[in-house]
Amino acid sequence: MLFMMLFFMAIYIALSFIFIVFVKKLFKKPLYKWLAVAFVILFPTWDVVFGYLAYYPACFIISKAKIYEKADTKGIYYEGIDDLLRKEEKLRNEIGEYKLTVMGAGWIDYGLEKGYQIIEYLGDEKTQIYRCTKLKEKSRINEYATVICVAKNSIESRYAVKIRKIRIGTLEINLKKVYDRTSGKLMAEYNRVSRWSYFNFLTVPFFNWLEWADYSEAEGSVHCPFDDYLDPFEYKVLRPVK
């Protein structure tokens, strides 16, 4: 991976030099040459540059964590969360139920381990609701499975967590609101700004926005306010019924 990155960086530098020389000869004004220089620098790095420039202003203006009301509940309903079932299609069995492994279950498994009896969410297709509970018997499909999720036509949980994500380059804004579905009352809101880490060589980013490299975005990332993924904000608002 490192050798490949150095190879493509060398090619890009050579092509950039040719492009700048071409622009300099084509246009006599120095302005165009410097615009060409700025272009070849920002083209492979704009996402990271934007993330660094926008992170702190976004933290100051957008970040928020406010709780207006708390409640006890046996379950939580989510909209806008990652649809794990669509990512785990290979684990579906012949009767339409879904067996998820601990790693595959992610936030679903964390919620059930926290003490909630059910976790529900709206799928990516926006038409199907899934209800997840702890798996009581050993799965025939996957011996490591701990969660079962089944398609449902209605929502059982009274309280909803609605999430919207906005991503530009390495900057991500996560808008989370907690509602009482019965009254429609807003119970809490949480706006998190994140600057995710990027694949680089000696701290130099190179077409990170094409997502061509396999790396961990979490390592080296920063967030405001900080949110522990094992203890997310909604757990502070909606407490599991004992």
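**Exercise 1.** Determine the handedness of the disulfide of C132 and C149, then place both cysteines in the fold.

Step 1. The torsion about the S-S bond is 115°, and the link of C132 and C149 is right-handed. The pair qualifies as a disulfide (a pair of cysteine sulfur atoms within 2.5 Å), with an S to S distance of 2.1 Å.

Step 2. C132 sits in strand β6 (residues 129-134) and C149 in strand β7 (residues 145-152), so the bond links distant parts of the chain, 17 residues apart. Helices (H or I, at least four residues) and strands (E, at least two) are DSSP runs, numbered from the N terminus.

Step 3. C132 is buried, with a relative accessible area of 0%, and C149 is buried too, at 0%. Buried means under 20% relative accessible area, exposed over 50%, and partly exposed in between (1.4 Å probe, protein chains only).

The values come from a predicted model, in which local features need pLDDT of at least 70 and side-chain atom pairs count only at pLDDT 80 or more, while totals for chains, interfaces and linings use all residues. Residues are numbered from 1 along each chain as its sequence is written, and side-chain values use heavy atoms, with hydrogens and water left out.

**Exercise 2.** Work out which parts of the chain the disulfide of C59 and C224 ties together, and give the pairing pattern of the bonded cysteines.

Step 1. The sulfur atoms of C59 and C224 are 1.8 Å apart, and a disulfide joins the two residues.

Step 2. The torsion about this S-S bond is about -105°, so the disulfide of C59 and C224 is left-handed.

Step 3. Because C59 lies in helix α3 (residues 46-61) and C224 in strand β13 (residues 222-224), the pair ties together parts that are 165 residues apart in sequence.

Step 4. C59 counts as buried at 12% relative accessibility, and C224 counts as buried at 14%.

Step 5. The count comes to 2 disulfides. With the bonded cysteines of the protein numbered in sequence order, the pairing is 1-4, 2-3.

**Exercise 3.** For the salt bridge of R239 and D72, find the closest N and O distance and state how exposed each residue is.

Step 1. Side chains of opposite charge can pair when their charged atoms come close. The cut-off for a salt bridge is a side-chain nitrogen of Lys or Arg within 4 Å of a carboxyl oxygen of Asp or Glu.

Step 2. In the pair of R239 and D72, the closest N and O atoms are 3.0 Å apart.

Step 3. R239 lies in strand β14 (residues 238-240) and D72 in strand β2 (residues 71-73), so this salt bridge ties together parts that are 167 residues apart in sequence.

Step 4. R239 is partly exposed at 37% relative accessible area, and D72 is partly exposed at 48%.

**Exercise 4.** Describe the salt bridges that D180 and K177 form, and name the residues of the salt-bridge network.

Step 1. D180 pairs with R158, with the closest N and O atoms 2.8 Å apart. D180 is in strand β9 (residues 171-180) and R158 is 22 residues away.

Step 2. D180 is buried at 5%, whereas R158 is partly exposed at 41%.

Step 3. K177 forms a salt bridge with E189 at 3.0 Å. This pair links K177 in strand β9 to E189 in strand β10 (residues 186-195), 12 residues apart.

Step 4. K177 counts as partly exposed at 29%, and E189 as buried at 9%.

Step 5. The network of salt bridges links K74, E120, R131 and E156. The count comes to 11 salt bridges.
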